[in-house]
Amino acid sequence: MFFNSFHFAIFLPIVFILYWFIGNKSKINQNFILILASYYFYSCWDYRFLFLLIFSTLLDYVSAIKIENSVTQKQRKFWLWLCISINIGFLGIFKYYNFFIASFTDLLNSVGLHSNPLLLNVILPVGISFYTFHGLSYIIDIYYKRIKPEKNFVDYSLFVSYFPLLVAGPIERATHLLPQLKVRRKFNFEKAKEGIYQIIWGLVKKVVIADTCANYSNEIFNNYNSMNSLSLLLGAVYFAFQIYGDFSGYSDIALGTSKLFGIDLLKNFNYPYFSRDIAEFWRRWHISLTTWFRDYLYIPLGGSKGSKWFQIRNVFIIFLVSGFWHGANWTFIAWGFINALYFIPLLLLNRNRNNIDAFKIGFNFSSLKIIFNIGITFAITCFAWIFFRAKTIHDALSYIKRMFTDLHFSPQYFSIERYSYELVLMLFLFIVVEWNSRTKIEPISGKYSWLKFGLCLAAIVALGVFSDYKEFIYFQF
Amino acid sequence: MKKFLLFTVKASLLLILTMIVLDFLYTVVYNNSNSRTKIDYLYNSKDQNYDVIFLGSSRVNNHFVPKIFNDNGYKTFNFGLTRSRLEESALMLKLMVERNYKIKNIILQVDLNINTNDHSEAIRSLFMPYLHQSKTIRNHYKSIPEYTKLLYIPFYRYLNYDARIGFRELYFAAIHKETNALKNDGFNPLKTNKGKLIPADLSKYYPKRNVAYEEIKAICKKNNINLIAVTTPICMATINRNYFNHISLVYPEIRHFENAVTDDTYFSTCGHLNKTGAIEFTKVIFNELFKSK
């Protein structure tokens, strides 16, 4: 069941009615309804993996209590590492086993030792990377005594399996979400309305921007050998908007849906393509994952303390792991590596926290500089996305080589019966709308909200892609 | 909560209103367009007289040159549609009857397309703007599963088939941007492909009785139209050319022209002739089946 499916359009109102009209009397009823809804939502993909989700929930729940009840530090450590090992073990088997075996076999073959790898024919359980990280953050927080373990299994289960965030985040923290689940939620009209606006804007991003861009970028990336420089440049830009529209659209729908139930989720995107440098980009893109890695990997590794070499090592580790988190492919690792390379100069010059404040644009030189920096940051981000999107490193390098050597800039007509440049105007309009609403959560609220709401609805039905259904990209991670 | 329910009711009404308005706008634009596809041309024309028309898929669209017939005194048009199946050819013919066309001969391509009774989504979508206006189109699609939704939910048909009749196509239809669909009396020539032909693989093909073909035969009989069913050329390297022999076992009346043009230089792809090949092939067809007036 996808957020942009007819199935979800039926599911959501039913859960909403049950939640506010039947379960409204107590927090227990509300949580039970949300859990049942979440398990149903998850089982719509593959009910067999529901057992994995429940097992993972139970493991974290029991381990947390065991850590809390441990008398010695050794016992605490034992339960922590047992829980982490099993969680990472599942993730490793389902997501990375074939990658490691295939890479190891390639390595053996390259030195003349031939072997037949035992590859597993496994399906990746949807959302496993997200709910595993949920559980890990919880258990690590317990270990470091930042929070107390949750004794109520229903509340904890809901924290892990809450359907708006279950399959593609945002990756929540127990400190943020659990307190909200411990109290009865009261209906708030303004919050619910904001939720609807956010869902609608998320749908615009997904079905209008991302899915339309996908038609073009798929055509360009799949046939890059026959594309000229202009098409290849546009392909990278289209993919940049595809992945942004897809993932931030998903996050908007998730946050908006959750608001309908009176629960706030962590903000996951903050207009990342308006970043003035790559450090700011990473503070605005997939915020819940970036902060997760910062808190549970970067800081424990020493963070920005210690010598420069130490800091550089930590930056590379965090970006490489972040790339690998996205999928078992060298392309994601290369993408992480490139982003680390972008980041290092800022770190060495102590400029990685230069652009923290909000900015205003006017008719002056500093505004010109800001716009220039935004343009440069977007350009290098697009360059890195080529690795993220390509099937192999070789494809990515060939794509880039052709982009810089073909040097033909005429419009191309694709086999999908579209011209290469056709989306430029639509993307320009999208940028204008996002720019004007960059201080808000979504562009609909405020003055003339009904008019803007109507325009968004019209955009979804008239410009959306429905015949060629596309899944959310981050579901595969 | 009351306030929110009122808000959702208003939002739902706004959505429905938007869909009704858009449906109306799209339908008006498509009903006033007659230069984008052969279907809109057909729908917006009436009382035409033709000595010969060609019906079928791209293997008609790219293979039959009406000029050769027209030069010999036969008023001819190529109504072949790339990607169409016999189901869509049947609907084209029904529409011609509805639009009061007077047709003496139909040359219908029946070869690879009787491997299946399936339809083409791409071509089906092009009929959808006329669903409300044309009883013939409604009757034709009455039995498809999504018929009720297509007919009664405003804008659903445009949403469901957005790739072919969505906003982009609407825009071109609104500005009357011409395509090459109607040029050369419907013949769309293909260029010569310089590379080696990749053989078509018909090993999984087997001709079956085809509902739409039988329907076309019945319509022709009822309207006194001379139906000539033909096969069209395919390159010699095709795997399982024996398929064409099996066609005769299912429908003995089908005339065989798959070997009318055989040299690879006449082909653009294995299943499609280039312009020279199409001219050669049309000459063979004309000389075999017609005489100059």
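These are my notebook entries on a predicted model with chains A and B.

**Entry 1: where the chains touch**

I began with the contact between the two chains. How many residues of chain B are in contact with chain A? I found 17 residues of chain B in contact with 17 residues of chain A. Next I asked which elements of chain B give two or more residues to that side, and they are α1, α9 (156–160) and α10 (162–165). Of these, α1(B) gives the most, with nine residues. I also sorted the chain B side by class: 13 residues are nonpolar, two are polar and two are charged.

**Entry 2: a helix pair across the chains**

Since α1(B) came up in the last entry, I looked at how a helix of chain A packs on it. Helix α18 of chain A covers residues 449–463, and helix α1 of chain B covers residues 2–31. Their axes are 10 Å apart, and the helices pack at an angle of about 50 degrees. Because of that angle, α18(A) counts as oblique to α1(B). I noted the handedness too: α18(A) passes α1(B) in a right-handed crossing.

Then I listed who meets whom. From α18(A) come Phe453(A), Gly454(A), Leu457(A), Ala458(A), Val461(A) and Ala462(A). They meet Ala11(B), Leu14(B), Leu15(B), Thr18(B), Met19(B) and Leu22(B) of α1(B). The residues of this contact divide into ten nonpolar and two polar, with no charged ones.

**Entry 3: the sheet of chain B**

I moved on to the strands of chain B. In what order do the four strands of the open sheet lie? I read the order as β2-β1-β3-β4, with parallel pairing. The edge strands are β2 (76–78) and β4 (226–230), each pairing on one side only. From one strand to the next, the twist averages 20 degrees.

I went through the pairs one by one:

- Strand β1 (residues 49–55) of chain B runs parallel to β2(B), and three bridges join them. Here Ile53(B) has Phe77(B) in β2(B) as its bridge partner.
- Six bridges join β1(B) to the parallel strand β3 (residues 102–109) of chain B. In this pair I found Tyr50(B) opposite Ile103(B).
- Five bridges hold the pairing of β3(B) with β4(B), again in the parallel sense. Gln109(B) stands opposite Val230(B) of β4(B).

I kept a general reminder beside this list: strands of a sheet pair through backbone hydrogen bonds, either parallel or antiparallel.

Is the edge strand β4(B) largely enclosed or open? Four of its five residues are buried, so I wrote down that β4(B) is largely enclosed by the rest of the structure.

**Entry 4: helix α3 of chain A and two partners**

Back in chain A, I picked helix α3 (residues 48–69) and looked at it beside helix α4 (residues 73–110). Their axes come within 9 Å and cross at roughly 165 degrees. That angle is why α3(A) is described as roughly antiparallel to α4(A). The crossing is left-handed.

On the α3(A) side, I noted Leu52(A), Ser56(A), Leu59(A), Asp60(A), Ser63(A), Lys66(A) and Ile67(A). On the α4(A) side, the residues they meet include Arg76(A), Trp79(A), Cys83(A) and Phe90(A). The contact divides into nine nonpolar, three polar and three charged residues.

The other partner I checked is helix α6 (residues 153–161) of chain A. The axes of α3(A) and α6(A) come within 10 Å and cross at roughly 125 degrees. This angle makes α3(A) oblique to α6(A). I recorded the crossing of α3(A) and α6(A) as right-handed.

Which residues of α3(A) meet α6(A)? They are Leu53(A), Thr57(A) and Tyr61(A), and they meet Phe153(A), Tyr156(A), Ser157(A), Val160(A) and Ser161(A). By class, this contact has five nonpolar and three polar residues, and no charged ones.

**Entry 5: one residue, Phe430(A)**

I finished with a single residue. Phe430(A) lies in helix α17 (residues 424–436) of chain A. Is Phe430(A) buried or exposed? Phe430(A) counts as buried because it has 20 C-beta neighbours inside 10 Å, and 20 or more is what the label asks for.

I also looked up its separation from Val204(A). Phe430(A) and Val204(A) are 226 residues apart along the chain, yet their C-alpha atoms are separated by 9.8 Å.

Methods:
Residues numbered from 1 in each chain as written. Chains lettered and ligands numbered in written order. Predicted model: local features only at pLDDT ≥ 70, side-chain atom pairs only at ≥ 80, totals over all residues. Axes fitted to C-alpha atoms, helices over the stretch in contact; angles between N-to-C directions. Parallel < 35°, antiparallel > 145°, perpendicular 65-115°, else oblique. Left-handed = near helix turned anticlockwise from the far one by under 90°. Contact = placed C-beta atoms within 7 Å. Nonpolar A, V, L, I, M, F, W, Y, C, P; charged D, E, K, R; others polar. Buried ≥ 20, exposed ≤ 12 C-beta atoms within 10 Å, placed from the backbone. Pairing = 2+ DSSP bridges.
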